[in-house]
Amino acid sequence: MKTLDDLLAEGVAGRRVLVRADLNVPLDGETITDDGRVRASLPTLSRLAEAGARVVVAAHLGRPKGAPEAKYSLAPVAARLGELLGRPVALATDVVGDSAKATVASLADGGVALLENVRFDPRETSKDATERAALAAEFAALADAFVSDGFGVVHRKQASVYEVATQLPAYAGGLVLDEVEVLRKLTGDPARPYVVALGGSKVSDKLAVIESLLPKVDAILVGGGMCFTFLAAEGLGVGDSLLEADMIDTCKRLLAEHPDKILLPADVVIADEFSAEANTHTVLVATIREGWKGLDVGPITVERYSEVIAGAGTVFWNGPMGVFELAPFADGTRGVARAIVDSSAFSVVGGGDSAAAVRLLGLPEDGFSHISTGGGASLEFLEGKDLPGVSVLEG
């Protein structure tokens, strides 16, 4: 696999370098509420610009339906990227059209341009490889080399991730290299005990990674909405909590097969509505009231999970323990995250909501060994799945 270092050694001054970055940030209107992914893209972009490359950035935002939508424009991202890079970032108003061509043509050495949201072109995510390849050819016409630096999308076979790497000299960016190196530590011979803290809303979303991890880890600490399906599998009532009834039998099987590895909450915070102003109570899991819903794990659970984490050699955390965005239901996520920070374990935060929680709750980012930028990609890597955007670089 050729890397950014290899490209820089070849010399990039005056060359057009297309960088696939992951700039899919949360927005409140036009305000970026968490710029973590923008910051993660800076090292590769800065190195290329400082070496005199003409940097062309491709990225997506949200899930537009293959056509321009104002709410998914990368304009706020271009502005923030320019602030953080300390140099202007020109935004093309289309993906590979006249504006993109003119914007790239006007770049000086060390200049940076951002193409408009690649998902505004339906070919980007097309199921038809021929359509994706046609778009990739238009991307390739804008550049002399390609750098894959958006780890959050390498599990997608999409034009700006996969096909373009077959049409240009392709290199792995520093972010992708770091992510793969860290995750290989988890799939290789991790320091024991190996503990996974797993949250999120649905068991069905995490079933594949649970099945894959159970034979390899020493403990899985279950939180988030998914814990209520496990609790129901133990015969407990869960009130109006999130419940996947069709997954109860699966959870029963997992608990029967791995009774000593799957740890469930002992207490939860329940509320009479999904609101920061809701009435709340902390109750043991056997006493969840009808008409009430569980929205966080409780303090006894945090203490128990923290004890397990304190003795761990490796910790992987993916998914919040509760609805951390609302203050009454943030303590579970904050407590488990704090335990990871305080531990001496090699710790990896699996991107997505977990990474957002670290920043929103004011936890020290350097308290974790690694914070991934790709939740879905990191989970698929741990499941043992092929990541097309990585394999194409290795091929």
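User: In this predicted model, which residue of strand 7 stands opposite arginine 20?
Analyst: Strand 1 covers residues 16–20, and arginine 20 belongs to that range. Four bridges join strand 1 to strand 7, and the two run parallel. The residue of strand 7 opposite arginine 20 is serine 148.

User: What is the bridge partner of valine 147 in strand 8?
Analyst: Strand 7 also pairs with strand 8. Three bridges join the two, which run parallel. In strand 8, valine 147 has as its bridge partner tyrosine 171.

User: Which residues of strand 7 are buried on each side?
Analyst: In a regular strand, side chains alternate between the two faces of the sheet. Strand 7 spans residues 145–148, and both of its faces are covered. Phe146 and Ser148 are buried on one side; buried on the other are Ala145 and Val147.

User: In what order do the six strands of the open sheet lie?
Analyst: Strands of a sheet pair through backbone hydrogen bonds, either parallel or antiparallel. Here the pairing is parallel. Strand 5 (89–91) and strand 8 (170–172) are the edges, each pairing on one side only. The order is 5-6-4-1-7-8.

User: By how much are neighbouring strands of this open sheet of six strands turned against each other on average?
Analyst: The sheet is open, and its strands pair in parallel. Direction is ignored for this angle. The average turn between neighbouring strands is 25°.

User: Which residue in strand 6 stands opposite valine 56?
Analyst: Strand 4 takes in residues 54–58, and strand 6 takes in residues 112–114. Three bridges join them, and they run parallel. Opposite valine 56 stands alanine 113.

User: How many disulfides does the count give?
Analyst: A disulfide is a covalent bond between the sulfur atoms of two cysteines. For cysteine 227, the closest cysteine sulfur is in cysteine 251, at 10 Å, which is too far for a bond. The sulfur of cysteine 251 likewise has cysteine 227 as its closest partner, again 10 Å away and too far. The count is zero.

User: Is cysteine 251 buried or exposed?
Analyst: Buried means under 20% relative accessible area. Cysteine 227 meets that with 1%. Cysteine 251 has 0% relative accessibility, so it counts as buried.

User: Which residues have the most contacts inside the largest nonpolar core?
Analyst: This core has 47 residues. Several elements supply at least two residues each, including helix 6, strand 9, helix 7 (203–213) and helix 13 (375–383). Isoleucine 210 touches Leu198, Ile220, Met226, Phe230 and Leu254, leaving aside neighbours within four places in sequence. The residues with the most contacts inside the core are Ile210, Ile220 and Phe230.

User: Which element gives the largest share of this 47-residue core?
Analyst: Helix 8 (227–233) is among the elements that supply at least two residues. Its share is six residues. The largest share comes from helix 8.

User: How many residues are in the other core, the one with Leu23 and Val38?
Analyst: This core lies apart from the 47-residue one. Leu45 and Leu114 are also among its members. Its size is 30 residues.

User: Which two residues does the cis peptide bond join?
Analyst: Its omega is about -10°. Proline 193 sits in the loop between helix 6 (174–187) and strand 9 (194–198). The bond joins arginine 192 and proline 193.

User: Where does histidine 370 lie?
Analyst: Histidine 370 is buried, with a relative accessible area of 12%. Beyond neighbours within four places in sequence, its contacts are Glu179, Val182, Ser347, Val348 and Val349. Histidine 370 lies in strand 17.

User: How far apart in space are alanine 278 and leucine 186?
Analyst: Alanine 278 is in the loop between strand 12 and strand 13 (280–284). At 12% relative accessibility, alanine 278 counts as buried. In sequence, alanine 278 and leucine 186 are 92 residues apart. In space, C-alpha to C-alpha, the distance is 40 Å.

User: What is the radius of gyration of the chain?
Analyst: The chain has 14 helices and 17 strands. The globule rule gives 21 Å for 395 residues, and the chain's value is close to that, so it is as compact as a globular protein of that length. The radius of gyration is 22 Å.

Key: Residues are numbered from 1 along each chain as its sequence is written. This is a predicted model: local features need pLDDT of at least 70, side-chain atom pairs count only at pLDDT 80 or more; totals for chains, interfaces and linings use all residues. Side-chain values use heavy atoms; hydrogens and water are left out. A disulfide is a pair of cysteine sulfur atoms within 2.5 Å. Buried means under 20% relative accessible area, exposed over 50%, partly exposed in between (1.4 Å probe, protein chains only). Contact means heavy atoms within 4.5 Å. Two strands pair if DSSP finds at least two bridges between them. Axes are lines fitted to C-alpha atoms, for helices over the stretch in contact, and angles run from 0 to 180 degrees between N-to-C directions. A nonpolar core is a set of buried Ala, Val, Leu, Ile, Met, Phe, Trp, Tyr and Cys residues joined through side-chain atoms within 4.5 Å. The radius of gyration is taken over C-alpha atoms; the globule rule is 2.2 Å times the number of residues to the power 0.38.
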